[in-house]
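Here's a quick briefing to read alongside the model. Have the viewer open and follow the topics in turn.

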Amino acid sequence: MCGIVGYVGQRQAEDVIIEGLRRLEYRGYDSAGLAVVADGGLHWAKKAGKLTNLEAELEANPLPASRQGIGHTRWATHGAPTDENAHPHVSADGSVAVVHNGIIENFAALRAELKDEGVEFRSDTDTEVAAHLLARELAGGSTLQQAMGAVASRLEGAFTLVAVTPNELDTVVAARRNSPLVVGVGQGENFLASDVAAFIEHTRDALELGQDQVVTITPDAVTVTDFAGNPSEAHPYHVDWDLSAAEKQGHDWFMRKEIFEQPRAVADTLLGRWSDRGELVLDEVRISPEDLRRINKIVIVACGSSFYAGMVAKYAIEHWTRVACEVELASEFRYRDPIIDPMTLVVTISQSGETADTLMAIRHAREQGAKVIAICNTNGATIPRESDAVIYTHAGPEIGVASTKGFLTQVVACYLLGLYLAQVRGMKYGDEIRAIMTELEAMPDAIQSVLDGIEPVYQLARTMAVHEQAVFFLGRHVGYPVALEGALKLKEIAYMHAEGFAAGELKHGPIAVIEEGTPVFVIVPPQGRDQLHDKVVSNIQEIRARGARTIVLAEQGDESVRPFADTLFALPRCSTLLQPLVATVPLQAFALELATALGHDVDQPRNLAKSVTVE
Ligand code: G6P
């Protein structure tokens, strides 16, 4: 949600910033802008719409050469996506330009205060107050670093601010609270960005910033302080993926590339988890086995696809650990006074590790004394940093806004956690865990076989590329969250009305929406070994009798569904709990191909952002 870049060094700032914004555009694409310092003044350009609009503007009206600048790609919160509301915002006296990610919650009071002083506002954004406040501090003799600390201490809410002033050459200053910001450390150049993807082609050395810090970069130095100006620590780390991971590598969409990366991503989540001593090993579990044995409830909090991954995980975690597990939307969690105490283990799932709803939920949980384990894909993000333990999914960067490999690897990481808890709590013998691990280790090949046979799914999607159509998804047990995830993919990128239902619940209402020709996907549990299989087959007959067009996903060799399936896709054989890892893949591919056929921008769907850093 909003991408930010800052650069100072020897290259053309405009080139570095535009390239950085291109890699951050997944975070928001309502407008884009940049500001540079040259010839003793600020020069800027900003345009509503995607980055290409800004590039066209720069082509028509080039900015002067500069080696110091800031840039922004916006997901609108305060104020419509117009040129005026695009960032950067420049103070009335032209002394400072600022870009912002987050929401300044007390902006109305600050705006009123500044208006009383005679400041005229040119936008509807909350950000503009920061520009005027910074200018006021600079006019009073502060350095940009001091000004940033003073202004940041007055702001409430979530923000990353990055600013430049013509008074200070070769300097870019930023502040952060609750919104992402990382420093890229180069040779004779330094970078600031919401995500390492923005500078990965220049350096893989990064600094993870803490809460309420101000960071100042010059070509040769990075200085970190608190808001009061006292020296402060930042944690250096090396990014373990390179530029090629952040490129499409011949695919038309990042989302397609990421769907096809799933066998590798799942293998990487599993890599090195089984020790020579026959025990599961997780990344950073800073919770003692005694504490893990004491817990009497698990609460999973997450948003979007991560929430559905949590729903899948609940079945496995309860089954393996016999500890009650609730799954809750992070945005609802802390506002309903949840019953959380030191015996509760909160598991938070977040691909980005920056989702504001999820972050606020874990802060609330920790205030109540709960231990928090984060399942996350982004090294050094705020959520793992603020958790007691972290299991990284190691899926590599996910850039398509609709989550795919993020989801599958989250399910796998949750399963690892479930097995780990079962191990620590003595609920499973080592050989039982080993047997499940062996099955999990076979999943990359199973997923690959689904991908190898994906063409019929694409063909179906192309025939169904009609805007008005509604599509339904049915599943039971772990198939239910898979149905929800399949429907979410279609909503997100094809903008189609799509709903997922628990197949057994159908008769209690949803069946009324079935009409002649209504397409309904049904995920059928494995045959024979699963008690729900026959019940779901009956559900298929019920909807078919009412005219539904049934698209059935069933295990290879399951002939019992064939008479009732208008279209049948075979899934590799695996146990019920692992079936989501193969059943989700055709649903992702279906949504992707259908959205492509409708001519949508699959990687940047309307109104959405990859990482939602506002509540
Ligand atoms: C946004 C994205 C979704 C994602 C959700 C949670 O809404 O568009 O694809 O599932 O955030 O994101 P997280 O990074 O916390 O997993």
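**Sheet pairings, a helix and some cysteines**

Leu161 has Ala175, in S8, as its bridge partner. That pair is a handy way into the sheet described first below. Keep in mind that this is a predicted model.

**The open antiparallel sheet**

- Strand S7 covers residues 157-164 and S8 covers residues 172-177; the two run antiparallel and are joined by four bridges.
- Zooming out, S7 and S8 belong to an open sheet of six strands, ordered S5-S6-S7-S8-S12-S13, with antiparallel pairing.
- Which strands sit at the edges? They're S5 and S13 (222-226), each of which pairs on one side only.
- On its other listed pairing, S7 runs antiparallel to S6, and eight bridges hold that match-up.
- Within the S6/S7 pairing, Val98 stands opposite Ala163 of S7.

**Strand S6 and its hairpin**

- Is S6 (residues 97-104) mostly covered or mostly open? Mostly covered: eight of its eight residues come out as buried.
- S6 also pairs with S5 (residues 89-90), antiparallel again, over two bridges.
- Val98 turns up here too, as the bridge partner in S6 of His89.
- S5 and S6 make a hairpin with six residues between them.
- If you're scanning backbone torsions, look at Gly94 in that turn: its phi is positive, about 70 degrees.

**Strand S23 and its parallel neighbours**

- S23 takes in residues 519-523, and five of the five are buried, so the strand is largely enclosed by the rest of the structure.
- In a regular strand, side chains alternate between the two faces of the sheet.
- For S23, both faces are covered: Pro519, Phe521 and Ile523 are buried on one side, and Val520 and Val522 are buried on the other.
- S21 (residues 470-475) runs parallel to S23, joined to it by three bridges.
- Across that pairing, Phe472 stands opposite Val520 of S23.
- S24 (residues 549-555) is parallel to S23 as well, with five bridges between them.
- There, Val522 has Val552 in S24 as its bridge partner.

**Helix H9**

- H9 runs over residues 304-321, which makes 18 residues, and spans 25 Å from first C-alpha to last.
- That span is close to the 26 Å expected at 1.5 Å a residue.
- Where does H9 kink? The kink is centred on Ala313 and comes to about 30 degrees.
- Why call H9 largely enclosed by the rest of the structure? Because 13 of its 18 residues are buried.
- Just after H9 comes Arg322, with a positive phi near 60 degrees.

**Cysteines**

- How many disulfides are there? The count is zero, going by sulfur pairs within 2.5 Å.
- Cys325 is in no disulfide: the nearest cysteine sulfur belongs to Cys414 and is 8.5 Å away.
- Cys325 has a relative accessibility of 2%, so it counts as buried.
- Cys574 is in no disulfide either, and its nearest cysteine sulfur, also that of Cys414, lies 17 Å away.
- Cys574 is buried too, at 7% relative accessible area.

**Thr73 and its surroundings**

- Thr73 is part of strand S4 (residues 68-74).
- Is Thr73 buried or exposed? Buried, since its relative accessible area is 1% and the cut-off for buried is under 20%.
- What does the side chain of Thr73 reach at 2.5 Å? That would be the backbone oxygen of Gly28.
- Gly28 is also on the list of residues that Thr73 touches, leaving aside those up to four places away in sequence.
- Others on that list include Cys2, Gly3, Leu21, Leu24, Glu25, Tyr29, Ser31 and Ala32.

**Ala545, out at the surface**

- Ala545 lies in helix H18, which covers residues 533-545.
- With a relative accessible area of 66%, Ala545 is exposed, as anything over 50% is.
- Ala545 and Leu243 are separated by 302 residues in sequence, and their C-alphas are 52 Å apart in space.

Technical notes. Residues are numbered from 1 along each chain as its sequence is written. This is a predicted model: local features need pLDDT of at least 70, side-chain atom pairs count only at pLDDT 80 or more; totals for chains, interfaces and linings use all residues. Side-chain values use heavy atoms; hydrogens and water are left out. Buried means under 20% relative accessible area, exposed over 50%, partly exposed in between (1.4 Å probe, protein chains only). Two strands pair if DSSP finds at least two bridges between them. The expected span of a helix is 1.5 Å times one less than its number of residues. The bend at a residue is the angle between axes fitted to the seven residues ending there and the seven starting there. A polar contact is a pair of N or O atoms within 3.5 Å; within protein, one must be able to donate a hydrogen and the other to accept it, and residues adjacent in sequence count only if both atoms are side-chain atoms. Contact means heavy atoms within 4.5 Å.
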